[in-house]
Amino acid sequence: MALQGKQKTYDSLRRNIRAVITRICCQISKFGIANLSAVFHPEIEKLPLAKLRQLQTERLTELVPYLYNRVPFYKKKLDEHGIHPLAIKTIDDIHLLPFTKKADLRDNYPFGLFAVPQQEMARIHCSSGTTGKPTVVAYTKHDLDVFSDTVARSLAAAGCKPGMILQNAYGYGLFTGGLGIHYGAEKLGMTVVPISGGGTDRQLMLLQDFKPEALCCTPSYAQTLAQELVKRNIPLENINLRFGILGAEPWTEVVRTEVEKGLGLTATNIYGLSEIMGPGISQEDYEEKGTGCYIWEDHYFPEIVDKDTGTPVKEGEYGVLIFTTLTKKGMPMLRYWTNDITNIYYDKAGKRTHVKMGPIRGRADDMLIIRGVNLFHTQVEDILNGMPKLSANYQLIVRHEGAMDEVEVKVELAEQLFHELKLEDATDIQNDEQVKAIGHAFSKKIKDNIGLTMRISIVGINEIPRSEGGKLNRIVDLRKLK
Ligand code: DLL
């Protein structure tokens, strides 16, 4: 009897202890501590640079013979350049290797650059925005693991934690944004809402009903969502966003300010491209905003080279971003010429050791040359940052007039001012003295900073096309249509 009593007391004690442990675990996981290992990986993200170089050397020296022996395109290219794969002995030898360009992917369409039989590929994506045949990219199961790991790392750097709801408004499909973010978020332990891009009514409904803390979409679509909240009189208190992970197109501080205010979140930049993997090649830390995006260089090795000569530039200087995939198996890339213009630098004050990249100024092929001056639309966007009476909705229209190329900047008035001035139509706007003064000030700033005279057309609200979920084109080049 006494023994039975003791057993009962022991059982109930055990039940109580188990309940207490369960409660503690729930509390811990509520704060995202239980899954801390999924959030931050100091052993790799804080790896001392010498060790990082050693790891990159090991990976590159394995990759070059792997590609040489498996992909006829690479064998031919290396032979033509007189490079024996074993001549690449350290990561510093990478500059001996030839570049791979988008045209090489097109020439080998669809499966010519596969390093494994097609049957070993787990997924195929295509890169966006091109005419004619798309650029094909493919992944083995191992590659998809690396992809989701680096996206999970990126989301964690952006402030996301296990258990948070993420509304993923990047397009699902051949574009790498939707599925790329999706699997990375699942890996981090988030609850993903795979809503895809567009369908603004539904986006706003779920933002209010599910109350996600994180939103992934293009910066221009985040602008659309912020503007729609105002238009529909939806108070910010109805939504619960804390983090926006925005990328897939160039954007600057003026858009960050608008989106952070309009959606009540901390917006960070995520960069990537299909040819290398997809989103999550690099990511800004939410506590180091404005200092650049960490490139996960244990997997994606970056270089910056002069856009005309292809020679490496000094740390911090601008040029074309080049990537080598160090761990991909299905369709690795050697020195892929992204055509994106930016710079890379180490930030000793940062949380991680990996190199950072600045915002993309534009793509080398998007660069306008106007009367001899190189122009990216992001330079105009930067100037808009100091013009609170104008909005961040703008477009550059380029024409060939007479013997000259002319740029017109079409920009909407800031919404508040537009309502205050009670302007009815385009003629009212053009004739308003205050609007004229704003236009002159903007034009002067452009001339002083960029060195070009541009025609400024200030328009009313909702006059300039908005993003409907995908990438927004800020440049209308009418010269190409002639
Ligand atoms: O845009 C992958 C991605 C999806 C990145 C979602 C971020 C978020 P692609 O369609 O192959 O892949 O386009 C790649 O988009 O070479 C850049 O020109 C541009 N791009 C991507 N991210 C950024 C960014 C995806 N954060 C091309 N800032 C790249 C500026 C970006 N440009």
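# Glutamate 260 and helix α15

Author: Setting aside neighbours within four places in sequence, glutamate 260 is in contact (heavy atoms within 4.5 Å) with Leu265, Thr266, Ala267 and Lys289. Bear in mind that this is a predicted model, where local features need pLDDT of at least 70 and side-chain atom pairs count only at pLDDT 80 or more, while totals for chains, interfaces and linings use all residues. Residues are numbered from 1 along each chain as its sequence is written, and side-chain values use heavy atoms, leaving out hydrogens and water.

Reader: Why does glutamate 260 count as buried?

Author: Buried means under 20% relative accessible area, exposed over 50%, and partly exposed in between, with a 1.4 Å probe and protein chains only. Glutamate 260 comes in at 18%, so it counts as buried.

Reader: What makes a polar contact between the side chains of glutamate 260 and lysine 289?

Author: The rule is a pair of N or O atoms within 3.5 Å; within protein, one must be able to donate a hydrogen and the other to accept it, and residues adjacent in sequence count only if both atoms are side-chain atoms. This pair sits at 2.8 Å, and it is a polar contact.

Reader: On to α15: why are its buried residues said to line one face of the helix?

Author: They're Val435, Ile438, Gly439, Phe442, Ile446 and Ile450. Seen down the axis, they fall within an arc of 100° (taken from the directions from the helix axis to the C-beta atoms), so they line one face.

Reader: Which exposed residues are on the face turned away?

Author: Glu433, His440, Lys444 and Asp448.

Methods: Helices (H or I, at least four residues) and strands (E, at least two) are DSSP runs, numbered from the N terminus.
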